[in-house]
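Reader: I keep meeting words like "buried" and "salt bridge". Could you show me how such labels are earned?

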Amino acid sequence: MNFDMGKVKFDDKGLIPAIAQDSVTGQVLMLAYMNAEALQATLDSGYATYFSRSRRQLWKKGETSGHTQKVLAVALDCDCDALLLTVEQTGPACHTGETSCFHNQVLGEAPATSAVLEAVYRTVADRAENPKEGSYTNYLLTKGIEKTCKKVGEEASETIIASIKGSPDETRYEAADLQYHLLVLLYQMGLKPADIWAELAGRRH
């Protein structure tokens, strides 16, 4: 990709901070650094490549772990001294196994977002690959799609009933049950939450 590297304001060490943000949930995943070579490698390959300040060398995200970052967009901030990467993250972004490197809360609580649905979906996928005794998710996966569809219908009906009763608390609880069973069904159908987000995005008119 042709890009005028002269626009980028690297610091006195030839580096620029690069923030990676999940393209689906909008969650900030990590902060790393790039030099001109790392940025060019990222633009050329379409996958995030950073510069390790401790090892003094380039490193492609996920090269050993498999937790790659497919770069969908790159933007410079208003001062051209910071980068924002919109990425399609495979697996957790943090080496600790957390989804995001920013998991050590200092003040307040981070608001729940669609990242919760993504996390639940990943749990469903993990149960399929690594069955756990006594897991309700494994019970559904073992019983098959017909059982899950039946549960989706039941939870949808209970959500409707709770809403007709005018109970916000019951509606919230039943809607959460409905969302969970829908996520299991999506997995069984070979779909991901991102497929639903894309479908909804196409209906914004």
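Author: Below, we take some labels one at a time and set values against definitions. This is a predicted model, where local features need pLDDT of at least 70 and side-chain atom pairs count only at pLDDT 80 or more, while totals for chains, interfaces and linings use all residues. Residues are numbered from 1 along each chain as its sequence is written, and side-chain values use heavy atoms, with hydrogens and water left out.

Reader: Why is Val71 called buried?

Author: Buried means under 20% relative accessible area, exposed means over 50%, and partly exposed is in between (1.4 Å probe, protein chains only). Val71 has 15% relative accessibility, so it counts as buried. Val71 sits in strand S5, residues 69-76; strands are DSSP runs of E with at least two residues, helices are runs of H or I with at least four, and both are numbered from the N terminus.

Reader: Which residues does Val71 touch?

Author: Leaving aside residues up to four places away in sequence, Val71 touches Thr42, Gly46, Tyr47, Ala48, Leu85, Thr86 and Val87. A contact here means heavy atoms within 4.5 Å.

Reader: And what makes Glu170 and Lys165 a salt bridge?

Author: The rule asks for a side-chain nitrogen of Lys or Arg within 4 Å of a carboxyl oxygen of Asp or Glu. For Glu170 and Lys165 the closest N and O atoms are 2.9 Å apart, and the pair is a salt bridge. As for cover, Lys165 has 54% relative accessibility and therefore counts as exposed, whereas Glu170, with 34%, is partly exposed.

Reader: How many salt bridges are there in the whole structure?

Author: A search finds 6. Among them, Asp169 and Arg172 meet at 3.2 Å, N to O. Both lie in helix H5 (residues 168-188), 3 residues apart, or about one turn of the helix. Arg203 also pairs with Glu199, again with 3.2 Å between the closest N and O atoms. There is a network too, linking Lys151, Glu154 and Glu155.

Reader: Why is Arg203 exposed, and why is Glu199 partly exposed?

Author: Arg203 has a relative accessible area of 52%, so it is exposed. Glu199 has 45%, so it counts as partly exposed.

Reader: What is unusual about a positive phi?

Author: Most residues other than glycine have a negative phi. Arg56 is not a glycine, yet its phi is positive, about 55 degrees. Arg56 is in the loop between strand S3 (49-52) and strand S4 (57-60), and it is exposed because its relative accessible area is 54%. Cys80 has a positive phi as well, near 60 degrees, and lies in the loop between S5 and strand S6 (83-89). With a relative accessible area of 22%, Cys80 is therefore partly exposed.

Reader: How do you describe two packed helices?

Author: You give the angle between their axes and the distance between the axes. Helix H2 (residues 115-129) and helix H6 (residues 193-201) pack at about 140 degrees, with axes 10 Å apart. The axes are lines fitted to C-alpha atoms over the stretch in contact, and angles run from 0 to 180 degrees between N-to-C directions.

Reader: Which residues meet there?

Author: Leu117, Glu118 and Tyr121 in H2 meet Pro193, Ala194 and Trp197 in H6. They divide into 5 nonpolar, no polar and 1 charged. Here Ala, Val, Leu, Ile, Met, Phe, Trp, Tyr, Cys and Pro count as nonpolar, Asp, Glu, Lys and Arg as charged, and the others, Gly among them, as polar.
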